[in-house]
Amino acid sequence: MNKKGYKLTKHAIKRMRDRNISINEVEKVMADPDIVYPGKRGEMNIIKQVKKDKKIRIVCIEEKMIKIIITAIVVNQIKGVINEHWNW
C-alpha cells in the first residue's frame, strides 16, 4: 500500500503495462475522479479524462479503508447511462 490510500494488484500492474497507463495517470484518476459509480458485483468504477484524448477507468474494491485496484482500462467511449449524464 502507499500513503495515498490504495494499492495495486499484480493484475492491475500487468494491465497498466499492457495498456500503456502510467502510475501518474492512475494517481490522477484516484485523486480527482470525473465519475465514480458502483459495479454489478460490488466493485467501484472510477473514471477520469487524464489527457485530451485519453480517459482511464480504474476498477477497485475497498477493504479496511484501502482501495485495492483490480485493473485499469483506457476508455474510448463510455456507454449506457453514464454517457447520458456527461458530455464526453
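pLDDT is the predictor's confidence in each residue, from 0 to 100. It is a good place to start, because this is a predicted model. The mean pLDDT of the protein chain is 86, and 83% of the residues reach 70 or more. Residues 80–88 call for some care: the pLDDT there is below 50. In the model, this stretch has eleven contacts beyond near neighbours in sequence.

**The overall layout**

Welcome to the chain as a whole. The protein chain holds three helices and five strands. If you walk along from the N terminus, you meet the elements in the order β-α-α-β-β-β-β-α. The chain has 88 residues, of which 33% count as buried. Looking at contacts between residues at least 6 apart in sequence, 39% join residues at least 24 apart.

**A hairpin and a pocket**

How do strands β2 and β3 run relative to each other, parallel or antiparallel? They run antiparallel, with four bridges joining β2 (residues 35–38) to β3 (residues 44–51). One of the residues to look for is Ile-35, whose bridge partner in β3 is Ile-47. The two strands form a hairpin with five residues between them. In the turn you will find Gly-42, with a positive phi of about 95°.

Now look for the largest pocket, which holds about 160 Å³ of space. Its lining is made up of Tyr-37, Pro-38, Gly-39, Lys-40, Arg-41, Glu-43, Asn-45 and Arg-57. Sorted by class, that lining has two nonpolar, two polar and four charged residues.

**Two loop residues with positive phi**

Most residues other than glycine have a negative phi. With that in mind, two residues deserve a visit. Asn-20 has a positive phi near 55° and is not a glycine. Lys-64 is not a glycine either, yet has a positive phi of about 50°. Asn-20 sits in the loop between α1 and α2, while Lys-64 sits in the loop between β4 (54–63) and β5 (66–75).

Why does Asn-20 count as exposed? Exposed means over 50% relative accessible area, and Asn-20 counts as exposed because its relative accessibility is 63%. Lys-64 has a relative accessibility of 79%, so Lys-64 counts as exposed too.

**Residues that meet across the chain**

Ser-22 lies in the loop between α1 (10–18) and α2 (23–31). Which residue, 50 places away along the chain, has its C-alpha atom 10.0 Å from that of Ser-22? The answer is Ala-72.

Ile-73 belongs to strand β5. Between the C-alpha atoms of Ile-73 and Asp-18 the distance is 9.8 Å, although the two residues are 55 apart in sequence. Leaving aside residues up to four places away in sequence, Ile-73 touches Arg-19, Ile-21, Lys-55, Ile-56, Arg-57 and Val-59. Arg-57 may be familiar from the lining of the largest pocket.

Partly exposed residues fall between the 20% and 50% cut-offs. Ser-22 is partly exposed because its relative accessible area is 32%, and Ile-73, at 21%, is partly exposed as well. The table brings the accessibility values together.

| Residue | Relative accessible area | Class |
|---|---|---|
| Ser-22 | 32% | Ser-22: partly exposed |
| Asn-20 | 63% | Asn-20: exposed |
| Lys-64 | 79% | Lys-64: exposed |
| Ile-73 | 21% | Ile-73: partly exposed |

Conventions: Residues are numbered from 1 along each chain as its sequence is written. This is a predicted model: local features need pLDDT of at least 70, side-chain atom pairs count only at pLDDT 80 or more; totals for chains, interfaces and linings use all residues. Side-chain values use heavy atoms; hydrogens and water are left out. On a 1 Å grid over the protein atoms alone, a cavity is a set of points where a 1.4 Å probe fits but cannot get out, and a pocket is an open set with protein on both sides within 12 Å along at least five of seven lines; lining residues have an atom within 4 Å of a point. Grid points are joined across faces, edges and corners, and a volume is the space filled by probe spheres set on the points. Ala, Val, Leu, Ile, Met, Phe, Trp, Tyr, Cys and Pro count as nonpolar, Asp, Glu, Lys and Arg as charged, and the others, Gly among them, as polar. Contact means heavy atoms within 4.5 Å. Two strands pair if DSSP finds at least two bridges between them. Buried means under 20% relative accessible area, exposed over 50%, partly exposed in between (1.4 Å probe, protein chains only).
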